[in-house]
Amino acid sequence: NNIPGCRAVFERWMEWEPEEQPWLTYIKFELRYKELDRARLIYERFVMVHPDVRNWIRFAKFEEGHGFINSGRKIYERAVEFFGEEHMDEKLFIAFAKFEENQKEHDRARVIYKYALDNMDKESCTELYKAYTIHEKKFGERAGIENVILSKRKFQYEEEIKENPMNYDAWFDYIRLVETEGNLDIIRETYERAISNVPPSSEKHYWRRYIYLWINYAVYEELEAEDFDRARQVYRAALELLPHKKFTFAKLWLLYAQFEIRQKQVETARRALGSALGKCAKAKLFRGYIDLEIQLREFTRCRTLYEKFLEFNPENVSTWMKFAELETLLGDVERSRAIYELAINQPKLDMPEILWKGYIDFETEQEETDRARELYRRLLDRTQHVKVWLSLAQFERQNDHEDRVVQARHVYEEANKALRPSREKEERLMLLEAWADFETEEGDEKSQAQVQDLMPRRVKKRRKIETEDGSDQGWEEYFDYIFPEDEAAKPNLKLLAMAKMWKKQKVTEDEPAEEETSSKDDSEERIPIVEESDKADIDEENPDADDQDIVNESSDDS
């Protein structure tokens, strides 16, 4: 129980500045004998010999644990000053904030968190963010919680941008986040940082996301900041940055022109679009410029632009049709007709069928039936496609004259004769089916029977399968159509009829009652199918040989 002697031993030991544990043992020794002042002095020496963050926190908790709140707060403040801004540690600030939180000083805790987050590196304050978030969720208001979340998201975006400055999606998200705060200077600074990351490559697909940073910047300056001069500068800077000789963005030119129109600078907008067409003409630029002049009711300028557009791309059917539609709306029918004539005489068009249809519809709307019929005939001189014939027949049927049914029937007959030499049997069948539907609605029994007599039979055939190298891959089955009008089909039809008749007779002998109904059903088929069991597989290369096989097999069976 020699307390002074023991204390003297500790003092001699501390002169050697030992490790942390002897210091803590000395402090506990003094606390056992309620010597708080002596323990406080030992802590003062201890944090200077071992100036670690955890030792400062032990010192502050010692004061807090014994009820010395102001002393504990001063120790935390001394620790923050001791480490300074160069050696800031998030553990110290978290402990300091929690100390204030225990004292119900939530505003003080909030200030500590914000000070640390504003002055520390973003990489070294992950736990600090979490602690701040928990604190605000417990004791903060809605605005405070949102600020914490915003700060955390800012940190995440900064990390993404730091890792890859060309990650434009991260820039977009970051800018949207900053815009919610409403600080104009910070928003502009963020936009400037984003647009400074110019794509290193001169290929257009690398610029597609980047150019929208400029567009959003200009739109923000116009609509949110309402700084129109600055918005104009942003548009012009973006246009100067683009390598127009390699590629351009028509959207950017059009947005700039529309901005100038909103500022009532029509001539400036026209000069911009004219410069765009001179540097890098594109179809989208022409269409946008024309739409602008239409809205301004400058139809003479529209005509000039359409002429330039057609010189730039005479193959575009849509341009020809819109030009003609404009003239029609202006009431100049002859000019519209002349445009259509020029269009259909072009040597090459991307969608000629749409152009012809538009021209025919135009003449129909003008109630020029003869001109429309003439256009159909001119189109049939170029192509014998079945859809053209069907359209002509429908046109004749819909005309308001007495002979419309006769004229339509005449078109079907003419089309059937015209398509007979072609190998497109599906088209011929399509025509006959449309003709049959027409006769069902408009004709009589006689005309319907005539069309039914023209219907083909569907037969199953075989053909060899050959690969690209000429090797044989066996046989495949397919369906073919045999038309009664074809002279070459008559022997085959006769042979098939004989084979089918023989089969029916044979089945009738075995089951006369059941097969009588089946035979009746077969006779009512519109397009009878000759199955493989009929032994009527006809080879394309040598149909006579297959017919001979059928005859021989029929003779053997009989």
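**Stop 1: the largest pocket**

Start by selecting helix α20, residues 352–365. With seven residues, α20 gives the largest share of the lining of the largest pocket. What you have open is a predicted model, so everything on this tour is computed from predicted coordinates. Now add α21 (369–382) and α22 to the selection: along with α20, these are the elements that give two or more residues to the lining. The full lining has 19 residues, and those nearest the centre of the pocket are K357, Y376, L379, K387 and S391. Show those five as sticks to find the middle. How much space lies in this pocket? About 540 Å³. Rolling a probe the size of a water molecule over the atoms shows where empty space is left.

**Stop 2: zoom out**

Switch to a cartoon view of the whole protein. You'll see 28 helices and four strands. Of the 558 residues, 39% count as buried. If you turn on the surface, the accessible area comes to about 32900 Å², and carbon and sulfur atoms account for 47% of that. What about contacts along the chain? Taking contacts between residues at least 6 apart in sequence, 49% join residues at least 24 apart.

**Stop 3: helix α23 and its two sides**

Select residues 404–419, which make up α23. This helix has 16 residues and reaches 22 Å from its first C-alpha to its last, close to the 22 Å expected at 1.5 Å a residue. Colour V405, A408, V411, Y412, A415, N416 and L419, which are buried. Why do they end up on the same side of α23? They cover an arc of only 135 degrees around the helix axis, which puts them there together. An α-helix has 3.6 residues a turn, so residues three or four places apart point the same way. Swing the view around to the other side of α23 and you'll meet V406 and K417, both exposed.

What do the buried residues of α23 pack against? Bring up α22 (386–398), α24 (425–442) and α25 (445–454), and you have the partners.

**Stop 4: next door, helix α24**

Keep α24 selected. Its 18 residues should span 26 Å at 1.5 Å a residue, and the end C-alpha atoms are 25 Å apart, which agrees. Its buried residues are E427, R428, L429, L431, L432, W435, A436, F438 and E439. These pack against α22, α23 and α25, and also against β2, so add residues 472–482 to the view.

**Stop 5: F483, just past β2**

Follow the chain into the loop between β2 and α26 (489–510), and pick F483. Is F483 buried or exposed? Its relative accessible area is 0%, so F483 is buried. Now draw a distance from its C-alpha to that of M455: the two residues are 28 apart along the chain, yet these atoms are separated by 6.5 Å.

**Stop 6: M321**

Jump to helix α18, residues 317–329, and click M321. M321 counts as buried, at 15% relative accessibility. Leaving aside neighbours within four places in sequence, M321 is in contact with Y340, I354, L355 and G358. For another distance to draw, try S336: it is 15 residues from M321 in sequence and 9.1 Å away in space, C-alpha to C-alpha.

**Stop 7: two buried glutamates**

First, E63 in helix α4, residues 53–65. Its relative accessible area is 1%, so E63 counts as buried. Which residues does E63 touch, not counting those up to four places away in sequence? Select R40, F68, S71, G72 and I75.

Then go to E101 in helix α6, residues 90–102. E101 is buried too, at 16% relative accessibility; the cut-off is under 20%. With residues up to four places away set aside, E101 touches H106, A109, H135, K138 and F139.

**Stop 8: two loops with a positive phi**

Most residues other than glycine have a negative phi. Where can you look for something else? Select E17, in the loop between α1 (3–14) and α2 (20–32). E17 is not a glycine, but its phi is positive, about 50 degrees.

Finish at E226, in the loop between α12 (210–224) and α13 (228–241). E226 has a positive phi of about 60 degrees, and again this is not a glycine. At 56% relative accessibility, E226 counts as exposed.

Notes:
Residues are numbered from 1 along each chain as its sequence is written. This is a predicted model: local features need pLDDT of at least 70, side-chain atom pairs count only at pLDDT 80 or more; totals for chains, interfaces and linings use all residues. Side-chain values use heavy atoms; hydrogens and water are left out. The expected span of a helix is 1.5 Å times one less than its number of residues. Buried means under 20% relative accessible area, exposed over 50%, partly exposed in between (1.4 Å probe, protein chains only). The arc is that of the directions from the helix axis to the C-beta atoms. Contact means heavy atoms within 4.5 Å. Accessible areas come from the Shrake-Rupley method with a 1.4 Å probe; for residues, only the protein chains shown count as cover. On a 1 Å grid over the protein atoms alone, a cavity is a set of points where a 1.4 Å probe fits but cannot get out, and a pocket is an open set with protein on both sides within 12 Å along at least five of seven lines; lining residues have an atom within 4 Å of a point. Grid points are joined across faces, edges and corners, and a volume is the space filled by probe spheres set on the points.
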